[in-house]
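Open the model in your viewer and keep the selection tool ready. This tour says what to pick at each stop and what is there.

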Amino acid sequence: MSSTSTSPAPAPVPPAPARAPRGPAVYHPTVGRLTLRALLGRRRALILMALPALLLLISVLIRTQTGADDRAAAEILGGFALAAMVPLIGVVAGTGAIGPEIDDGSVVYLLSKPVKRHVIITTKLLVAVGVTMLFTALPTLVAGVILGGNSQRIAVAYAAAAAVASIAYSAVFLLMGTVSRNAVVLGLVYALVWEALFGSLVPGARALSIQQWGLSIAERIAAPGAGIESEVGLAAGIILLTVATVGATWYAGRRLRALTLAGEA
Amino acid sequence: MQSDLGTGKAGAARADRAPGGAPERAQAPDARIMDIGYRAYGGERLGRSYARRSLFEHSLRGAYGLGRSARSKVLPFLFFAIVATPALVMVAVSVTVGIDELPIDYARYAVWMQPVIGLFLALAAPHMVSLDLRFRTVPLYFSRPIERLDYVAAKLTALTTALIIFTGAPVLILYIGALLAKMPFGEQTRGLAEGLAMTVVFAALHAAIALLVASFTPRRGFGVAAVIAVLTVPYFAATAVQFVAYDQGNDDLAMALGLFSPGTLIDGLQGLLFTDETDFPGNLAPDGAIAAAYPLVIVGLTALCCALLLRRYRKAGI
């Protein structure tokens with residue numbers, strides 16, 4: 001990787017720059033800008049916009065039809081926002097940040113630039129997290145306020161859960177984007193089959209789901225009577241979230257370093 | 001053959017004459033266009049229905065990755081294993097423990113396994129139509145004797161058949177297991193018929209929706225996400241709002257909300273026709289006027305998707 005060879009330089013040639021100027025350590029603005037444009041351009045933005053719009057529409061309808069209601073708020077935010085909207089947007093943003101580039105081969109041009117591959121990953125992760133949060137946590141908060149006026153801190157609790165889950169989902173799905181060409185399908189398998197189906201069959205599977213880890217934070221923030229329950233405790237939830245995020249990011253960086261560009265049919 | 005002989009003779013004649021004198025222009029009458037053996041197709045013309053059947057068979061095999069690379073077989077068969085395993089486990093338990101009733105109704109199996117079936121569908125539908133759009137092979141199909149209707153019908157029946165196999169096989173496994181466990185034959189056969197009927201309705205509705213969505217994008221990855229989104233987002237939304245309505249004691253509204261997603265439509269239909277039980281809040285099944293709306297909406301939605309799909313291919317260029 002390192003281009004600085006330590007061969008004994010002969011004559012006092014003009015002092016070769018010891019190293020290429022160090023780029024930013026975490027976030028590379030140009031890479032970030034390009035990723036953002038890829039994520040929000042084209043028709044991807046449509047899916048990203050449609051889901052929060054639907055959530056807000058449902059919230060407004062329920063509020064006008066039945067008035068403020070904490071149970072309704074908890075059901076809509078827990079059953080739709082956190083269970084469906086956050087994973088789906090996480091899949092689109094997380095895999096979309098890198099998957100298409102690897103797929104069509106244009107990632108070569110990015111990798112040939114003097115930017116560390118870990119920096120590329122963390123940059124893309126930050127952008128994906130930002131997009132996911134913008135399209136999930138913010139609408140969740142607004143919907144919660146519309147539905148129940150944030151009584152018992154339900155709106156804030158679910159928004160926080162969505163925000164935290166966004167980070168972990170983005171990291172995990174970004175990793176899938178570097179691992180497989182079928183990243184979207186794999187991500188959906190995790191979100192739908194593991195979290196929704198196996199979670200309802202095997203209680204143990206629930207403890208290993210990002211949704212539940214996020215809920216552990218919501219459970220702590222909301223008032224005790226709000227009816228938010230998580231399979232894991234707060235400490236376990238935070239530890240698992242951190243491990244999943246850091247581990248996935250680190251491994252995604254490794255994958256990108258070892259990426260082979262052999263075209264396969 | 002014949003033409004070869006002809007040229008041979010002509011060449012020999014010319015060679016004979018050559019030593020005598022310089023080759024003259026006088027030989028012009030010999031010049032002619034050689035018949036080098038191009039032949040018209042003389043075999044049997046298999047026609048439109050044969051082309052349609054080939055397209056159907058090719059698409060159906062493609063849905064399971066047959067005739068494609070080994071990598072493309074992994075996911076379909078993995079999903080098939082996931083969808084069939086619970087049935088096998090239930091059968092194994094029933095046979096060994098010797099209970100006299102299966103733990104799940106035949107008609108509810110497809111509804112229960114919806115997430116996996118949706119994933120299979122999201123994989124199969126874009127493969128069927130997106131690649132043709134992406135590589136611009138659609139105009140080539142239409143240069144054959146098939147028509148727009150044939151193409152759409154072949155793709156649609158292929159996807160429906162693939163889905164029927166996918167969801168019907170576990171139902172059959174349940175049935176065979178039930179007979180092995182010596183459960184009453186008549187009752188089980190009736191259950192199997194109900195289960196297969198629901199499988200067909202499920203497959204027709206979902207195939208029409210998924211194929212329509214997939215036919216709008218030439219990019220496979222986007223198609224997968226779009227199909228999943230169209231199937232799951234309404235389901236989660238409808239279910240969440242159903243719970244709100246149920247909590248407020250408005251059962252009729254909760255039942256009516258079931259009309260707004262493919263998954264709840266099928267669940268409601270099997271509830272009102274066969275099992276009287278659904279995954280709706282309170283496990284209620286639709287009844288009264290709303291119950292009549294379920295079959296109507298299912299038929300209407302399927303027909304609408306088919307019509308839109310036909311319309312989609314009106315312009316053969318893309």
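**Stop 1: an exposed loop residue in chain B**

Select Arg136(B). It counts as exposed because it has 11 C-beta neighbours inside 10 Å, and 12 or fewer is the mark for that class. This is a predicted model. Arg136(B) sits in the loop that links helix H5 (114–134) to helix H6 (138–142) of chain B. Check its backbone: phi is near 55°, a positive value in a residue other than glycine. Most residues other than glycine have a negative phi.

Now jump to Asn283(B). This residue lies in the loop between H11 and H12 of chain B. Its phi is near 50°, again positive in a residue other than glycine. Is Asn283(B) buried or exposed? It is exposed, with 11 other C-beta atoms within 10 Å.

**Stop 2: helix H12 of chain B**

Move along to residues 289–312 of chain B, which form helix H12. How far apart should the ends of its 24 residues be? At 1.5 Å a residue, the expected span is 34 Å. The end C-alpha atoms are 34 Å apart, so the two values agree.

Colour the buried residues of H12(B): Tyr294(B), Ile298(B), Thr302(B), Cys305(B) and Leu309(B). Then show what they pack against. The partners are helix H7 (148–180), helix H8 (185–214) and helix H11 (262–275) of chain B.

**Stop 3: two helices that cross**

Keep H7(B) on screen and add helix H2 (residues 47–63) of chain B. The two axes come within 8 Å and cross at roughly 35°. The crossing of H2(B) past H7(B) is right-handed.

Show side chains at the contact. From H2(B), the residues include Arg48(B), Arg52(B), Leu55(B) and Phe56(B). From H7(B), they include Asp150(B), Tyr151(B), Lys155(B) and Thr161(B). By class, this contact has 10 nonpolar, 3 polar and 4 charged residues.

**Stop 4: annotated spans in chain B**

Next, colour by record. An unreviewed UniProt entry lists "transmembrane region" for residues 77–99, 111–131, 152–176, 196–214, 221–245 and 289–310 of chain B. Pick residues 77–99 of chain B: the span is 96% helix and 0% strand, with end C-alpha atoms 30 Å apart. Then pick residues 196–214 of chain B. That stretch is 100% helix and 0% strand, and its end C-alpha atoms are 26 Å apart.

**Stop 5: where the chains touch**

Show both chains. Their contact takes 28 residues from chain A and 24 residues from chain B. On the chain A side, helix H2 (44–66), helix H3 (70–96) and helix H8 (183–201) each supply at least two residues. Which of the chain A elements gives the most? H3(A) does, with 10 residues. By class, the chain A side has 21 nonpolar, 4 polar and 3 charged residues.

**Stop 6: chain A as a whole**

Hide chain B. Chain A has 11 helices and 0 strands. Of its 265 residues, 48% are buried. Take the contacts in chain A between residues at least 6 apart in sequence: 79% of them join residues at least 24 apart.

For chain A, the unreviewed UniProt annotation "transmembrane region" covers residues 45–64, 76–98, 119–148, 154–176, 183–202 and 232–252. Select residues 119–148 of chain A: 100% helix, 0% strand, with end C-alpha atoms 41 Å apart. Residues 232–252 of chain A are 90% helix and 0% strand, and their end C-alpha atoms lie 26 Å apart.

**Stop 7: inside chain A**

Select helix H7 (residues 154–179) of chain A. Its 26 residues should span 38 Å at 1.5 Å a residue; the end C-alpha atoms are 37 Å apart, which agrees. Why call H7(A) largely enclosed by the rest of the structure? Because 24 of its 26 residues are buried.

Go to Thr122(A), in helix H6 (residues 117–148) of chain A. Thr122(A) counts as buried, with 24 C-beta neighbours inside 10 Å. Leaving aside neighbours within four places in sequence, Thr122(A) is in contact with Val26(A), Tyr27(A) and Thr249(A). Draw a line from Thr122(A) to Met85(A), 37 residues apart along the chain: their C-alpha atoms are separated by 24 Å.

End at Leu111(A), in helix H5 (residues 107–111) of chain A. It counts as partly exposed, with 15 C-beta neighbours inside 10 Å. Leu111(A) and Arg257(A) are 146 residues apart along the chain, and their C-alpha atoms are separated by 9.0 Å.

Notes. Residues numbered from 1 in each chain as written. Chains lettered and ligands numbered in written order. Predicted model: local features only at pLDDT ≥ 70, side-chain atom pairs only at ≥ 80, totals over all residues. UniProt positions renumbered as here; feature names shortened; annotations may be inferred. Helix = DSSP H or I, 4+ residues; strand = E, 2+ residues; numbered from the N terminus. Contact = placed C-beta atoms within 7 Å. Nonpolar A, V, L, I, M, F, W, Y, C, P; charged D, E, K, R; others polar. Expected span 1.5 Å × (residues − 1). Buried ≥ 20, exposed ≤ 12 C-beta atoms within 10 Å, placed from the backbone. Axes fitted to C-alpha atoms, helices over the stretch in contact; angles between N-to-C directions. Left-handed = near helix turned anticlockwise from the far one by under 90°.
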